[in-house]
Structure formats: C-alpha cells, structure tokens
Amino acid sequence: MFSGTGSTSCFPCPANTYNGPGSSTCTTCPPNTVSAPGSSSCHAAPSCSAGSFYNSAVTACTQCPAGTYSAAGASVCTPCASGSISGTSSSSCSVCPAGTYASQGGTVCVVCPSGTRSPAGSSSVSSCVGCSPGFFLNAFAGNQCTPCRAGTYSPGSGTSCTSCPAGTFSDAAAASCTPCPAGTSCNSGSATYTPCPAGSYSPLPGSSRCISCPAGSFSSVQGATSCCSCCSGFYSETDGSAECTRCSGGAYSTAGASSADQCLSSASSSVATCEMTGNTCPNIGGVSPSQAAGPVRRRGPRASACPGNQRSCPVYGYTYAGRGYLKTYECVDIHNDLESCGGCVANDSPFGEKSPNGGRDCSAIPNVDAVTCQRGFCVVERCAAGYIISADGQRCVQSLTLQKRNGF
C-alpha cells in the first residue's frame, strides 16, 4: 500500500510492483520476478513453456501471438526477424522459402510478383527479381531461369517465352526475334529462315512467304530477291517458273513474253540462251518487237531530241496479225512520269518492277492506293487496307495483322 503527501487513505500498488512499510511510492519488481497487486515484495516468476510468456496482468502464462516466439521461461515474446514467420505459441520462427519474402514480425510469407523470384529468407519485395532477357521463370524446374528455345523469345521477367511472329526467327535464349533476310521466308515460331525455292522470290526482309515469279519471268536459284524477265525468243506461261521456254522453230518474242502466242516468225534480236549466272539475270536481248514482220522497206522512226529533263522513249504498236512494230518515239519526263518513272518502260513493268532500261510503272505496284514519281523513284504515299509502306517507301507489304489473319 502507498499514499501520497497529505493523503488520508492508502492505495494498493499495481501488479509487478511493491512497497515496504511507510513507503510513499511503488517500486518495480526486479527482472524475472513478479507480484500481485498490493504486494509488499516480489517473488520469482513462474517458468512458462516455450511459445508462451508470463503475463503479469493476469498472473498466468499466455501464448505468444503469431509473428513472435519465446523460449521456455521467457517473460516476453520476441518478434520474428525479417525473412521469417511464425504462428501462435511458436518457440522459433521459420525462414521464408525462395520466391517469397516477409518483413519483421511477419505472419505469412508473401509470394513474389509473377515472373520474379527471390532467395530464401528475403525481407522485402525489392528482393524479387526477374530472369534476364532470353530466359523465363520455369515453375516446373523449381522456379529456375530457363533459356527460351529457338523460335521463341522473352524480353525478361516472364513465366513463358513467346513464339516469333511470321517473318521472323530466333536462336535459343533470344531476347527478340530477327526479321528473315530478303530472299527467304519464315513461318511463325521459326528457328531459322528458309530460302525461297526456284521460281519464287521475296524482295524485302521479314517475309512470311515467298512470291511466285509472274508469267513472263523466272528464277532458277534459291534465295532470289527478284525474278528475271524471259529473254527475247523465250517465254513462260505460268507463275512460279524456274526457267523460260524457247519459242519453237527459233521464233522471236519480246523480253518478258508470257505466252507462246507472243512468239513471232522471225528470230531477229533473239538470244541463244536464257540462263542465270549465279544470282545474275541473263542478257535478255531485244526488249521490244523489231522489224520481225519482214524485211525493212523503209527507214523506221528515230529517237527524237528531247529537253534535258526528258528522255526519248519508244512507242510500240501491233499489226492485225499480232506482230509488233516500233511506231514512234516520244519525250517522257522520267523524273515525274508515273508510268515511266526513272527510265523508259517498253511494256507494263510486271508488278511495277524495274524494266531493263531502269524504268518502273509506279501504277502497277500491287496494293497501292496512292503513289507518285519523284525524281525518278516511285514513292508510295498510301497502301490498301492490311498493307503498310515498305522501309524504302517504294512498295506495299503486308502488315503483321493481315499476315496473322492469313495464317502466315
């Protein structure tokens, strides 16, 4: 009991304190000793089992709460260290496994964000890190970082790898996919590129399929980026030709002939062979009908003199018998003319490709909505739906969306 100065009554000391006779204050019990309220002395605290502590407020042993632990005989419970947890009545704390973390006094190990991992005993989310680019977190391999297989890629911090889109390929452990080179194609998920077979080509990198050479042209090599026109005296009637057929009887045809009907009776200006040398196209010979209808009886038209910014280009006609002849020449502004851009075009350039004289018919470029001729180059301004302008600005190529829709 104690009393204050001038007090007319005494008050009991609270639990775990004491006072002697005549004392006006209560004294805290020494460590590991306890007292009941109103005690004049302290006695040794009872020895509580591990996982509990002596609660002097209720003068009894009490379970340690989750996130703490105690040894036998402890008077307080100790918080678990960072990276470990405990339940109620714990005598020790458990270290959090790899891929989780916990702060001090934690009651549960928190799983790292998807695609990241952490070492055992981690204390915060900052300990969770993703796999390096080209690798993924493999749940079937103990959450180890596993390299992506060829044909797939991962930018890092993922739980799986993504297949390369059509037109691209990758080696193993790739962080991104590489466009297939021109002259090749790639399907979705390709580990390498495939050269275009003879009779086909791909003009730009990133092609998902090879294009058949149009009738009147050919390619006898693998990996072609363009097709060669059939030579004078030769023709090819079907798309995808690996060689051109000689006109029967040594007849003559214009370069790029797509039918035997275009073979004329005279063989003048025809070439002897029409074969590629490596990747080089052959000399195609005469590119226009000459005086194949018979002997020259009069002097034919001559190229006219043109202003410096123009070129004298031939104009051809055909007789009722289907034989070609040179009608005249005209001056063409090859720097701006849409159908003879960059040079003379004897006939429509297939798919807008360059003629032997270097000219292009810009209007024949496939899948184009708007195109102009500027300084001798076809410049595509707008493509049809599903197509985008190529890197050189002179063609329209399929967009990835259209390629996926078509299954390329």
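A residue counts as buried when its relative accessible area is under 20%, as exposed when that area is over 50%, and as partly exposed in between. Keep those cut-offs in mind as we walk through this predicted model, following some of its cysteines.

Let's start with the bonds themselves. A disulfide is a covalent bond between the sulfur atoms of two cysteines. In this structure the count comes to 21 disulfides. We will visit three examples, moving along the chain.

Our starting point is the pair formed by cysteine 29 and cysteine 42, whose sulfur atoms are 1.9 Å apart. The torsion about their S-S bond is about -80°, so this disulfide is left-handed. To find the two partners, look at the loops around β3 (33–34): cysteine 29 sits in the loop between β2 (27–28) and β3, while cysteine 42 sits in the loop between β3 and β4 (43–44), so the bond ties together parts that are 13 residues apart in sequence. How buried or exposed are the two ends, cysteine 29 and cysteine 42? Cysteine 29 has a relative accessibility of 10% and therefore counts as buried. Cysteine 42, with a relative accessible area of 24%, is partly exposed.

Further along the chain, cysteine 247 and cysteine 263 form a disulfide with 2.0 Å between their sulfur atoms. Here the S-S torsion is about -70°, so this bond is left-handed. Both cysteine 247 and cysteine 263 lie in the loop between β28 (245–246) and β29 (311–318), so the disulfide ties together parts of the chain that are 16 residues apart in sequence. Cysteine 247 is buried because its relative accessible area is 2%. Cysteine 263 has a relative accessibility of 19%, so it counts as buried, given that the cut-off for this class is under 20%.

Our last stop is the disulfide between cysteine 362 and cysteine 378, with sulfur atoms 2.0 Å apart. What is the torsion about the S-S bond of this pair, cysteine 362 and cysteine 378? The value is about -85°, so the disulfide is left-handed. The bond links distant parts of the chain, 16 residues apart: cysteine 362 is in the loop between β30 (324–332) and β31 (368–374), and cysteine 378 is in strand β32 (residues 377–383). Cysteine 362 has a relative accessible area of 1%, so it is buried. Its partner, cysteine 378, is buried with a relative accessible area of 2%.

Conventions: Residues are numbered from 1 along each chain as its sequence is written. This is a predicted model: local features need pLDDT of at least 70, side-chain atom pairs count only at pLDDT 80 or more; totals for chains, interfaces and linings use all residues. Side-chain values use heavy atoms; hydrogens and water are left out. A disulfide is a pair of cysteine sulfur atoms within 2.5 Å. Helices (H or I, at least four residues) and strands (E, at least two) are DSSP runs, numbered from the N terminus. Buried means under 20% relative accessible area, exposed over 50%, partly exposed in between (1.4 Å probe, protein chains only).
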